[in-house]
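Subject: Structure handover

Hello,

The structure is below, with its sequence. My notes on what was found in it follow.

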Amino acid sequence: MSIPGNGQFADIESLSNHVAQQCEVLGYQTTQVSDGTNALTHSLEINDKGETIAVQVKNHKAKTNIAQVCKFSEFLDLDSSDRFTSGWLISTSGFSKPALTHVRTERPSNLKLGTCTPYGIRWNYDPHDTDLDAPDEDELRATQAGSNDQDITYIGVFTCKGGVGKTTVAAHLA
């Protein structure tokens, strides 16, 4: 089912089946979308307690970008999508920082973003989550790595003339 080494699924059907199994474990009833027009907008339909959820799965090596998130969000806002109470966009490779920033800023109430792993779905954005402004793991690593930037002083050595010792001075200052 998975291609060893990169966590991607062999094809979109394998990923769709995996997500359907994960949802069924959580108690949802799933339906695979097979008709050509709807298959372009979503892969699965999930039903639970009067809710109908459109699920689109992405199986790309690159992270899902902001354009793909906006396209799915616009699909959910169409009149033809009124029967869906919400939508889930699930990716195997996660979401780009601009995509996550967009949904955290716009805060769409009918959209959830999740990353599919072999062990389940990790939610990157959930409108019902009260901790939306918490930084993700990448942001925490970047903050920790950049915490010493305040102690760094930058000095520029420049002149228009050549052969006056710019490199030597810069090396001694370093």
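In which sense do strand β5 and strand β6 pair, and over how many bridges? The model is predicted, and in it β5 (residues 111-117) pairs with β6 (residues 120-125) in the antiparallel sense, over five bridges. Two residues form the hairpin connection from β5 to β6. One of the bridges puts Thr-115 together with Arg-122 in β6.

The other strands I looked at are β1, β2 and β3. Strand β1 (residues 29-32) runs antiparallel to β2 (residues 44-48), and four bridges join them. Strand β2 is also antiparallel to β3 (residues 51-58), here with five bridges. Asn-47 in β2 has a partner on either count: Gln-29 stands opposite Asn-47, and Thr-52 in β3 is the bridge partner of Asn-47. The hairpin of β2 and β3 has two residues between the strands, and Lys-49 there takes a positive phi near 50 degrees.

For the chain as a whole, there are six helices and six strands. Read from the N terminus, the order of elements is α-β-α-β-β-α-β-α-β-β-α-α.

Some totals, in case you want them for setup:

- Burial: 36% of the 174 residues of the protein chain count as buried.
- Contacts: taking those between residues at least 6 apart in sequence, 53% join residues at least 24 apart.
- Surface: the protein chain exposes about 11100 Å², and 52% of that is supplied by carbon and sulfur atoms.

Regards

Definitions and conventions. Residues are numbered from 1 along each chain as its sequence is written. This is a predicted model: local features need pLDDT of at least 70, side-chain atom pairs count only at pLDDT 80 or more; totals for chains, interfaces and linings use all residues. Side-chain values use heavy atoms; hydrogens and water are left out. Two strands pair if DSSP finds at least two bridges between them. Buried means under 20% relative accessible area, exposed over 50%, partly exposed in between (1.4 Å probe, protein chains only). Contact means heavy atoms within 4.5 Å. Accessible areas come from the Shrake-Rupley method with a 1.4 Å probe; for residues, only the protein chains shown count as cover.
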